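Open the model in your viewer and keep the selection tool ready. We will go stop by stop.

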Amino acid sequence: MACQSCATGKDGQPKGCKNNGTCGTDSCNKLTVFDWLANMSVPNGEKPFDWVEVRFKNGRKHYYHNAENLTLSIGDIVATQAQSGHDIGMVTLTGELVRVQIKRKRIDIKNDILKIYRKASQKDIDIWSEARDKEEPMKVKARQFAIDLKLHMKISDIEFQGDSSKATFYYTAEERVDFRELIKIYAREFRIRIEMKQVGFRQEASRLGGIGSCGRELCCSTWLTDFRSVSTSAARYQQLSLNPQKLAGQCGKLKCCLNYELDSYLDALKAFPKADTKLYTEKGTAVCQKTDIFKGHMWYAYEGEWMNWHLITTDQASEIIAINKKREKVASLEEYAADIEVDTKTEFENVVGQDSLTRFDSPKGNKKRKNSRARNKKPVQNNVEANNNNNNTKSSSNSSKPKPRPKRKPNKRKPENNNNKPNESK
């Protein structure tokens, strides 16, 4: 299920739209739905559901009535009904699963009825492709016009209708924008019907797509359709650093994935006592400094001794709190901390067959110098042994030492002959 630009070329190599993240022309594999009812046949006497799902640029989907009873399958290009003219889209879902999708999205099929005219001809596809090629250069000009008028808005995307009679400009803005003068410039410059549609920052990221910090495609552009509100409390429960640069996604808002594991963290935190609860001991009052949700550990420090932390488990903390409720105090936290064995030794095994990471740390000697010294020492030792055999007058301790080399006398330079005669009087 790929668009025209992703097909193979004449040499058999894939063309590709060269867009990083998602398809840049027709949203290949964007918000796709797996048809798990495709292999099931309709019971006898039942008619197949005559509605189909059609997808347009950047994941925009609508549901149309197949009034002409056309034989449609996933991947067919069809001409659909629009407010004026017709639009061109791709069939992404057929059969009974469309009924489920319509019910889930609460679409009124009795009043909001849009029809499919026909399967797109080659002429329709050519006009559609030419209109798509105009979108990128038009977006550059549209942004420049908005900057010239000093409007606080951003043109994020432009989508042509299939018959090239209308263009929809998607923009984002933090405040209301008076773009009446901008529409006049667009109509005079592009000579086409203009429709302005404001979208949120999350919707903009879902339309444009991209790669997230996790290395995968954005969730909002591949499968996520409902954008729930994300607060900083979700990061606090998961003990994440409140760094806006790391917590924000490409839309500039908090990442939607902060809500994925939030329920698991909340369930795990139910077994933890509240962090603001103090522990009263005979040694002093202890305050919670840190918690480890995965291991079930808590660190406490006495008031006035903030640098010394004592590690206890959640069960031990709950036990101390229960004793404090009886208006009793425990001896100290050290008694509970002594029962916990902390494995600080970490061993790493070479399971992949790689070399040691510290193999370059030890300094290597100069092999050439060692070889040259060994060569110089060998003949000296041989001479000493010969002398010992001939003359036994020297002691064995001195025979092993090589003779020192005589120092060279400095060369006396001869006076240069500059044709100067010596002084006769001297």
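**Stop 1: confidence.** This is a predicted model. Colour the protein by pLDDT. The mean pLDDT is 80, and 73% of the residues reach 70 or more. Now select residues 393–400. Here the pLDDT is below 50. Beyond near neighbours in sequence, this stretch has 4 contacts in the model. Move on to residues 418–426. Their pLDDT stays under 50 as well. How many contacts does the model have for residues 418–426 beyond four places in sequence? The count is 0.

**Stop 2: strand β4.** Select residues 86–93. This is strand β4. Is β4 largely enclosed or not, and why? Buried means under 20% relative accessible area. In β4, 8 of the 8 residues are buried, so the strand is largely enclosed by the rest of the structure.

**Stop 3: the partners of β4.** Add residues 51–55, which form strand β1. β1 and β4 pair in the antiparallel sense, over 3 bridges. Find V54 and look across to β4: its bridge partner there is V91.

Next, add residues 77–81, strand β3. β3 and β4 also run antiparallel, and 5 bridges join them. Pick out T80. Which residue of β4 stands opposite T80? D87 does.

Now follow the chain from β3 into β4. The two strands form a hairpin, with 4 residues between them. Click on G85 in the turn: its phi is positive, about 85°.

**Stop 4: helix α4.** Jump to residues 201–208, helix α4. Which residues of α4 are buried? They are R202, E204, A205, S206 and R207. To see what covers them, show β6 (154–160), β7 (166–172) and α5 (219–222), which are included in that cover. Then step just past the end of α4 to G209, where phi is positive at about 75°.

**Stop 5: the largest pocket.** Turn on a surface. The largest pocket has a volume of about 1100 Å³. Its lining is made of 41 residues. Select G59, R60, K61, H62 and Y170 to find those nearest the centre of the pocket. Which elements give two or more residues to the lining? They are β2 (61–65), α1 (96–104), β6, β7, β8 (193–198), α4 and α5. Keep β6, β7 and α5 on display: they are also part of what covers the buried residues of α4.

Finally, colour the pocket lining by residue class. You should find 15 nonpolar, 14 polar and 12 charged residues.

Methods
Residues numbered from 1 in each chain as written. Predicted model: local features only at pLDDT ≥ 70, side-chain atom pairs only at ≥ 80, totals over all residues. Heavy atoms only, no water. Buried < 20%, exposed > 50% of the residue type's maximum accessible area, 1.4 Å probe, protein only. Pairing = 2+ DSSP bridges. Contact = heavy atoms within 4.5 Å. 1 Å grid on protein atoms, 1.4 Å probe; cavity = no way out; pocket = protein on both sides within 12 Å on 5 of 7 lines; lining within 4 Å. Points joined across faces, edges and corners; volume = space filled by probe spheres on them. Nonpolar A, V, L, I, M, F, W, Y, C, P; charged D, E, K, R; others polar. pLDDT = per-residue confidence, 0-100.
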